[in-house]
Amino acid sequence: MSKLALHGGKPVRGNYLPYGRQSVDQDDIDSVVKVLKSDYLTTGPTVREFEDMFARKVNAKYAVAFSNGTAALHAACYAAEIKFGDEVITTPITFAASANCALYVGAKPIFADIDLETYMIDPSSIERCITSSTKAIIPVDFTGEIPQMDKILEIARKNDLIVIQDAAHSLGSYWGDHPIGSISDMTMFSLHPVKTITSGEGGIIVTNSDAYYERLCQFRTHGITRNPEKLHMTNAPAWYYEQQFLGYNYRITDIQCALGISQLLKLEDFKLKRNELVSYYDSKFSENELIVTQASNTKSKACRHLYVIRLALDKLRVGRNEIFDALRAENIGVNVHYIPVYLHPYYKEIGYESVKCINAEKYYNSCITLPLFSGMTTQDAKDVVDAIEKVLNHYRR
Ligand SMILES: *Cc1c(COP(=O)(O)O)cnc(C)c1O
């Protein structure tokens with residue numbers, strides 16, 4: 001058996017393979033340059049063009065683009081009229097933004113536990129978290145897989161809750177025959193460079209609701225409107241506008257949307273590439289007794305953003321952190337998604353000290369994210385598999 005790079009051996013790869021990376025080609029560059037030479041750099045025709053194209057792609061009536069996905073989630077919570085005193089149920093195994101958005105509007109995030117096979121929010125745990133203050137559920141499509149949306153939507157209907165789906169990972173995924181973006185009250189996508197497509201920074205809310213659409217648009221630009229039908233003043237002069245509530249400057253630029261448009265045109269290619277890599281990993285890891293792979297819900301047809309494995313810690317001599325260091329030394333850019341949100345010092349400080357989601361913590365102690373992005377080559381994926389086998393076999397109990 002060859003010596004681990006961590007112990008001075010030769011690494012599996014000579015250069016570092018990151019866990020995620022954008023794919024930007026000449027079409028993307030041309031698309032952005034065209035806008036740079038046009039009359040509008042921001043809030044011009046390209047924003048609307050991107051939004052219309054995006055809404056069509058995910059089979060939603062409206063799309064509203066924001067400066068980033070976190071701003072988009074904040075806007076969705078505002079549009080849903082989530083307020084001080086309300087509770088919002090989400091998963092702890094997510095990026096902090098899925099819960100922070102509730103705090104932004106004065107509401108309290110409540111963490112339901114996850115299912116240990118799919119790593120996603122467990123509907124029965126959601127039901128146990130519901131109180132008379134519950135206003136919304138924010139399920140997260142972790143890795144691009146989809147949680148049990150039929151059950152979640154049914155729980156929401158029964159309890160009169162709004163569903164804001166955090167689809168930061170799942171652009172291109174389907175739930176049965178329905179594209180993600182078409183099944184929840186509002187759905188958020190992120191366009192950060194590690195996500196499936198990018199606009200540099202960017203986020204989108206899609207919805208079928210006219211009322212949410214109007215509030216989202218107005219929230220994005222300071223709470224200001226120029227719509228004559230909505231103004232408090234009658235016979236307002238043409239230059240007149242009103243700030244009707246406290247919004248933000250969460251606008252996206254035409255420059256970013258130009259990149260978003262050319263990237264969206266390549267979504268199907270990216271999806272094919274990502275899913276090929278996922279199939280390759282699955283084929284290599286499904287028989288390995290040292291590895292547990294993520295299970296899919298029956299109706300989840302994923303376009304995967306992340307590939308996460310769990311280590312069979314009872315069969316290894318060391319924990320996840322040692323395996324992580326050993327893989328990094330082999331030049332494999334592994335990562336950890338995610339620290340349960342309530343374990344962050346800030347959350348402890350504001351009253352989450354005693355929260356404990358048993359499955360989420362079990363998952364957290366054993367998870368490792370492997371590199372996955374559309375520009376990865378077959379050789380890159382082979383290197384990952386070789387490094388995993390080298391390191392895990394070394395530490396096998
Ligand atoms: C990336 C991400 C976000 C936030 O998106 P930004 O565009 O980075 O603000 C929210 N939720 C999840 C699950 C994410 O991965």
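**Arg320 and Tyr364.** I started with a charge over a ring: the charged end of Arg320 sits over the ring of Tyr364, 5.3 Å from its centre. The rule I used wants NZ of Lys or CZ of Arg within 6 Å of the ring centre and within 35 degrees of the ring normal.

**Ground rules.** This is a predicted model, so I kept in mind that local features need pLDDT of at least 70 and side-chain atom pairs count only at pLDDT 80 or more, while totals for chains, interfaces and linings use all residues. Residues are numbered from 1 along each chain as its sequence is written, and side-chain values use heavy atoms, with hydrogens and water left out. Helices (H or I, at least four residues) and strands (E, at least two) are DSSP runs, numbered from the N terminus.

**Aromatic pairs.** Next I looked at rings of Phe, Tyr and Trp (its six-membered ring), which pair if their centres lie within 6.5 Å; planes under 30 degrees apart are stacked, over 60 edge-to-face, and the rest tilted. By this rule I get 21 aromatic pairs. One of them is Phe111 with Tyr352, an edge-to-face pair at 5.6 Å centre to centre with 70° between the planes. Phe111 lies in strand S3 (residues 108-111) and Tyr352 in helix H11, so this pair ties together parts that are 241 residues apart in sequence. Both Phe111 and Tyr352 are buried. For burial I used relative accessible area with a 1.4 Å probe and protein chains only: buried is under 20%, exposed is over 50%, partly exposed is in between.

I then checked Phe285 and Tyr307: their ring centres are 6.2 Å apart and their planes are at 45°, so the pair is tilted. Phe285 belongs to helix H9 and Tyr307 to strand S14, so here the parts tied together are 22 residues apart in sequence. Phe285 is buried at a relative accessible area of 0%, and Tyr307 is buried at 1%. I also noted one aromatic cluster made of Tyr78, Phe219, Phe245, Tyr248 and Tyr250.

**The sheet around S14.** Tyr307 sent me to its sheet. I find an open sheet of 3 strands in the order S12-S14-S15, with antiparallel pairing. Its edge strands are S12 (291-293) and S15 (367-370), each pairing on one side only. Neighbouring strands here are turned by 35° against each other on average, direction ignored. Strands count as paired if DSSP finds at least two bridges between them; S12 and S14 have 3 bridges, in the antiparallel sense. At residue level, Thr293 has Ile309 in S14 as its bridge partner.

Helix H9 (residues 267-285) lies across S12, S14 and S15 and runs at about 15° to S14. Axes are lines fitted to C-alpha atoms, for helices over the stretch in contact, and angles run from 0 to 180 degrees between N-to-C directions. Contact means heavy atoms within 4.5 Å.

**His305.** Just before S14, I stopped at His305, in the loop between strand S13 (300-301) and strand S14 (307-311). It counts as buried because its relative accessibility is 3%. Leaving out residues up to four places away in sequence, His305 touches Thr143, Gly144, His169, Val194, Lys195, Thr196, Arg274 and Leu372.

**Odd backbone spots.** Most residues other than glycine have a negative phi, and most peptide bonds are trans. Thr143, one of the His305 contacts, has a positive phi of about 75° although it is not a glycine. I place Thr143 in the loop between strand S4 (134-138) and helix H6 (149-159), and it is buried, with a relative accessible area of 0%.

Asn59 also has a positive phi, near 60°. Asn59 sits in the loop between helix H2 (45-57) and strand S1 (62-66), and at 53% relative accessibility it counts as exposed. I logged a cis peptide bond too, joining His337 and Tyr338, with omega about -5°. Tyr338 is in the loop between helix H10 (320-329) and helix H11 (345-352).

**Asn208.** Last stop: the loop between strand S9 (203-207) and helix H7 (210-220), where I found Asn208. Asn208 is partly exposed at 44% relative accessible area. Apart from neighbours within four places in sequence, it is in contact with Ala60, Lys61, Tyr62, Ser182 and Asp185. Its side chain reaches the backbone nitrogen of Lys61 at 2.8 Å. I also noted that the C-alpha atoms of Asn208 and Met186 are separated by 7.8 Å, with their positions 22 residues apart along the chain.

Note on methods:
Polar contact = N/O pair within 3.5 Å; in protein donor to acceptor, adjacent residues only side chain to side chain.
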